[in-house]
Amino acid sequence: MRPLDLLMFAGQSLRRARMRSSMMLLAVAIGVAAVIMLTALGEGARRYVTSEFASLGTNLVIVIPGRTSTGGVNPALMSGDTPRDLTLGDMEAVRRLPTVADAAPLVIGQGTVSSGRRERQTSVLGTTANWLNVRQWKLERGVFLPVAQSDRGGSVCVLGIRVARELYPDGDAVGQWLRIGDRRFRVIGIMGAEGRSIGFDAQDVVMIPVASALIMYNKTSLFRILIQARDRDLMQTTRVQVIDVLRKRHQNEQDVTVVTQDAMLTTFNGIFAALTAALAGIAGISLLVAGILIMNVMLVAVSQRTAEIGLLKALGAKPRQITSMFLTEAILLASVGALIGLAVGETATAVMRRMLPIDAVAPRWATLAAIGIAVLSGLVFGILPALRAARLDPVLALARKI
Amino acid sequence: MIELEAIERTFQVGDQSVHALDNVTLTIRDGEYVAVMGPSGSGKSTLLNVLGLLDKPNSGIYKLGGIDTTHLDDNQQAQVRSAQVGFVFQTFHLIARLTAAENIELPMLLAGVPAKERVARAAALIAGVGLTDRAHHRPDQLSGGQRQRVAIARALVMKPNLLLADEPTGNLDTVSGREVIDLLEKLNRDGYTLIVVTHDPLIGARARRRVVMRDGKVIEDAAT
């Protein structure tokens with residue numbers, strides 16, 4: 001039998017058994033679409049987190065006070081000592097390292113900010129002029145925090161664009177006074193609309209000099225030091241040097257945690273890749289179920305078409321031909337079902353991309369695997385019915401009424 | 001040339017064994033017209049199935065065209081059926097989803113004949129049985145007689161030399177039955193070896209040779 005004839009013959013008998021065929025198509029299509037949609041969701045989440053991390057800046061190395069490593073025992077902590085403060089002096093020392101391009105301190109607080117009778121809650125970030133370099137935020141108007149020495153406070157602030165719009169709805173905020181808690185600050189600049197990343201939205205912050213923030217929130221330690229390495233390849237070196245410098249400054253004790261953007265990215269990438277794979281696996285089960293349905297329905301088809309199989313044998317069909325005729329039907333069904341599932345899955349992910357803030361795209365491996373497994377399950381689960389058909393005794397088969 | 005020698009065929013029905021063919025020895029020359037008759041259960045259908053290689057004898061030798069078929073494997077037997085045997089059944093056995101022309105093409109489809117040639121050969125045969133205007137009708141749109149003529153065309157399409165008909169008129173009215181018999185006899189005159197299993201005394205009377213069976217044995221074998 002010619003391959004094309006085999007395909008046409010299979011197509012004809014599938015079209016004839018419309019109900020049966022459409023149930024199988026549905027099952028396979030749901031399986032494939034489920035894999036595509038779920039992995040797209042997982043992949044979308046991964047991309048979202050990745051881009052959030054990327055938006056932190058480039059080549060970032062971040063210093064966190066306190067030791068979060070689980071390796072070994074720190075006798076100082078055992079004896080009840082708290083970690084030493086992370087100070088502006090530490091930051092300046094780190095900034096002088098040759099591999100460091102720039103570094104900015106960060107103090108975070110919440111505050112009620114008000115102008116006239118308008119007030120709102122917002123995040124207050126204390127930092128220095130270096131912030132713009134390190135985080136690559138854009139200034140919309142005015143100037144950023146002064147380049148003045150980082151340990152000197154000042155009563156100036158830069159607003160996120162939404163804060164500016166809401167507190168000064170009818171005019172330019174720059175040059176106006178802003179009240180944060182019980183202190184007054186002069187607005188000197190407004191941040192651009194872009195830039196949002198984990199934790200806070202650049203549109204919804206008020207930024208003040210770091211020293212002022214330390215005083216206002218009565219803190220002695222920085223919340224973070226953000227460091228930009230000169231080069232991507234220098235991030236690890238920078239990390240080691242930063243740890244080294246800070247240990248020397250902290251009486252030879254490592255009481256800070258230094259993470260690189262890379263390491264965080266890799267960790268989160270790994271977590272989300274695993275999540276995506278798990279989702280694919282769960283959805284894959286539906287493909288298995290579809291395969292079992294294919295087997296069942298093909299078995300029914302074989303017993304319904306017993307007389308036809310007897311006839312085919314009488315007309316000179318070899319056992320192997322009968323096998324391939326029924327296998328072709330199963331594979332054809334699975335393939336068409338997979339294509340329908342592909343279309344449905346792709347449409348659904350396109351809808352997801354519109355409705356959700358994530359870039360939901362099924363990874364290519366998942367799409368290919370879904371289609372591959374669907375077709376394979378058609379083959380595997382089609383074998384038993386096909387062999388049964390081929391083994392039918394022609395005399396008994398012909399005796400059955402059509 | 002068909003040579004059956006001491007063919008035995010027994011079936012196990014429950015704990016009883018039924019002797020469907022009991023030491024049947026028979027020779028049928030090319031171009032003969034043989035009616036196989038006998039009561040139900042006499043083994044005449046089993047004989048036809050053995051002749052068509054659909055059934056295997058338990059013992060004995062069956063030579064078709066000088067070749068011992070009893071030792072061929074399934075694939076080789078399928079090959080012989082495809083090339084040398086045409087079946088006509090009482091219940092026609094047309095595939096309901098296929099048109100008359102497609103049903104006729106089916107043996108060629110299985111044999112891997114190219115589509116163009118299939119269409120041409122099917123068209124010629126369908127014209128031969130007088131159904132050109134019905135070529136694209138499905139079996140359920142055809143009368144019984146028309147269906148049987150389509151089935152006969154299908155049996156001829158691989159140019160076999162042996163036509164095996166099992167009660168070909170059993171499901172037909174007298175007029176259609178008559179037409180089908182006329183067609184089969186014309187084919188016999190054209191050179192096909194024709195073996196008809198039948199209850200119909202009319203066909204029995206017309207065949208040039210009658211083989212009567214009872215209880216798996218040939219009890220009468222006479223030229224008329």
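Guide: A crossing is left-handed if the near helix is turned anticlockwise from the far one by less than a right angle, and right-handed if clockwise. The model discussed here is predicted, with local features needing pLDDT of at least 70 and side-chain atom pairs pLDDT 80 or more, while totals for chains, interfaces and linings use all residues. Residues are numbered from 1 along each chain as its sequence is written, and chains are lettered from A, and ligands numbered from 1, in the order written.

Visitor: In which crossing, left-handed or right-handed, does α4(A) pass α8(A)?

Guide: The axes (lines fitted to C-alpha atoms, for helices over the stretch in contact, with angles from 0 to 180 degrees between N-to-C directions) of α4 (residues 88-95) and α8 (residues 235-249) of chain A come within 10 Å and cross at roughly 140°. That angle makes α4(A) oblique to α8(A), as angles under 35 degrees count as roughly parallel, over 145 as roughly antiparallel, 65 to 115 as roughly perpendicular and the rest as oblique. The crossing in which α4(A) passes α8(A) is right-handed.

Visitor: Which residues of α8(A) make the contact with α4(A)?

Guide: From α4(A), the contact (C-beta atoms, placed from the backbone, within 7 Å) is made by Asp90(A), Ala93(A) and Val94(A). On the other helix, α8(A), the residues are Val242(A), Val245(A), Leu246(A) and Arg249(A).

Visitor: Is α2(A) roughly parallel or roughly antiparallel to α12(A)?

Guide: Helix α2 (residues 18-54) and helix α12 (residues 364-391), both of chain A, have axes that come within 9 Å and cross at roughly 160°. Because of that, α2(A) counts relative to α12(A) as roughly antiparallel.

Visitor: How many charged residues has the contact of α2(A) with α12(A)?

Guide: Val28(A), Gly31(A), Val32(A), Val35(A), Ile36(A) and Thr39(A) of α2(A) meet Ala366(A), Thr367(A), Ala370(A), Ile371(A) and Ala374(A) of α12(A). By class (Ala, Val, Leu, Ile, Met, Phe, Trp, Tyr, Cys and Pro nonpolar; Asp, Glu, Lys and Arg charged; the others, Gly among them, polar), this contact has eight nonpolar and three polar residues, while the number of charged residues is no more than none.

Visitor: How many charged residues has the contact of α2(A) with α9(A)?

Guide: The axes of α2(A) and α9 (residues 261-304) of chain A come within 9 Å and cross at roughly 180°, which means that these helices are roughly antiparallel. The contact of α2(A) with α9(A) has 29 nonpolar and nine polar residues, and its charged residues number three.

Visitor: How many nonpolar residues has the side of chain A that touches chain B?

Guide: On chain A 23 residues are in contact with 21 residues of chain B. At least two residues each are supplied to that side of chain A by α1 (3-16), α10 (306-314), α11 (319-355) and α13 (394-399). By class, the side has four polar and six charged residues, and its nonpolar residues number 13.

Visitor: What share of the residues of chain B count as buried?

Guide: Chain B has seven helices and ten strands (DSSP runs of H or I, at least four residues, and of E, at least two, numbered from the N terminus). Its C-alpha trace spans about 50 × 40 × 35 Å along the principal axes. Of its 224 residues, the share that count as buried (20 or more other C-beta atoms within 10 Å; exposed, 12 or fewer; partly exposed, in between) is 48%.

Visitor: Does Asp140(B) count as buried or exposed?

Guide: Asp140(B) lies in the loop between α4 (115-128) and α5 (144-156) of chain B. Because Asp140(B) has 8 C-beta neighbours inside 10 Å, this residue counts as exposed.

Methods: Two residues are in contact if their C-beta atoms, placed from the backbone, lie within 7 Å.
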